[in-house]
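Dear colleague,

I am handing over a structure to you with this email, and I would ask you to look through it before reading on. My notes on it follow below.

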Amino acid sequence: MSAHSSSGPEAQMVQAEHPLPADLFLDLERSGPVPMYYQVASRLEKAITEGTLPAGARLENEVALGLRLGLSRPTIRRAIQELVDKGLLVRRRGVGTQVVHGRVTRNVELSSLYEDLESSGQTPETRILDCAVVPADAHAAAILDIAPGSATLHLRRLRLADGVPIAILENTLPTEFSDLAEGDLAGHGLYQLLRARGVTMRVANQRIGAREATAEEAALLGIRRGSAVLTMSRTVFDNSGRAVEFGQHCYRPDRYSFEVTLVNR
């Protein structure tokens, strides 16, 4: 697939096909037990995660790659589909197959998504969907250990990574944080802002699950209605044991995953 020259802005954004390193497929085991599509996918994934194939790079087409490797087009297509399913590649009409940033793999620890994105080299962006002082309902009051009807700050934000929506974040905080500015929330992570106010977040209770996306969530996240989303609810406590934040979030599973280290006792 060749790139066509044009003076239009869209054409200028389309990158030329990125040549794959000559030694990337030298060790393919053509008579071994491991399927060829899996071997090709594994080597492409390694090139992406190590930065040999950078974000935005456009792969040569399936026919050309198959001819170069002496493999069938269905084998190449299945290998590429493996990485599309992992969120490492994307197929774009009129452009071809491009490398995108992979899904965010988040260790289950007391950090914010904003910080996790920054540390992984991605650019976080926040769109404020709601920022209002509201009375605490019975559920929020019980979690935050405050009287029902007490004033709380309710936040709802769409978090993007490199322009791609990956999560809807909903948080409830006690009234002393009701003066958090929308501008600060759009440009910083919530935990960064809490730390700047002297809050020491010590421990959290967290639950991870999955469910179907609502129509609104699907539209915001750019997924099909009824698709599955990962969910996380978290209550954060400061060093005095007081609850300072309650969050209920949902994530695109093709762009996000949780990682847990298990230790035998």
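**A charge over a ring**

In this model, which is predicted, the place to begin is R78, which lies over the face of Y37 at 3.8 Å from the ring centre. As for rings that pair with one another, a search of the whole structure finds zero aromatic pairs.

**Helices α2 and α4**

Both residues return in a helix contact, with Y37 listed on the α2 side and R78 on the α4 side. Two packed helices are described by the angle between their axes and the distance between the axes. For helix α2 (residues 36-49) and α4, the axes come within 8 Å and cross at roughly 45°, and these two helices are therefore oblique to each other. Their crossing is right-handed, and beside Y37 the contact draws on M36, V40, A41, L44, E45 and I48 of α2, while α4 brings T75, I76, A79, E82 and L83 together with R78. Sorted by character, the residues of this contact comprise nine nonpolar, one polar and three charged.

**Helices α3 and α4**

Which angle do the axes of α3 and α4 make where they cross? The axes of helix α3 (residues 62-69) and helix α4 (residues 73-85) cross at roughly 115° and come within 9 Å, so that α3 and α4 are roughly perpendicular to each other. Here, too, the crossing in which α3 passes α4 is right-handed. On the α3 side the contact is made by E62, V63, L65, G66 and L69, and on the α4 side by R73, I76, R77 and I80. These residues divide into five nonpolar, one polar and three charged. As you compare the two lists, please look for I76, which belongs to the contact of α4 with α2 and also to the contact of α4 with α3.

With kind regards

Terms used:
Residues numbered from 1 in each chain as written. Predicted model: local features only at pLDDT ≥ 70, side-chain atom pairs only at ≥ 80, totals over all residues. Heavy atoms only, no water. Axes fitted to C-alpha atoms, helices over the stretch in contact; angles between N-to-C directions. Helix = DSSP H or I, 4+ residues; strand = E, 2+ residues; numbered from the N terminus. Parallel < 35°, antiparallel > 145°, perpendicular 65-115°, else oblique. Left-handed = near helix turned anticlockwise from the far one by under 90°. Contact = heavy atoms within 4.5 Å. Nonpolar A, V, L, I, M, F, W, Y, C, P; charged D, E, K, R; others polar. Phe/Tyr/Trp six-rings, centres within 6.5 Å; stacked < 30°, edge-to-face > 60°. Lys NZ or Arg CZ within 6 Å of the ring centre and 35° of its normal.
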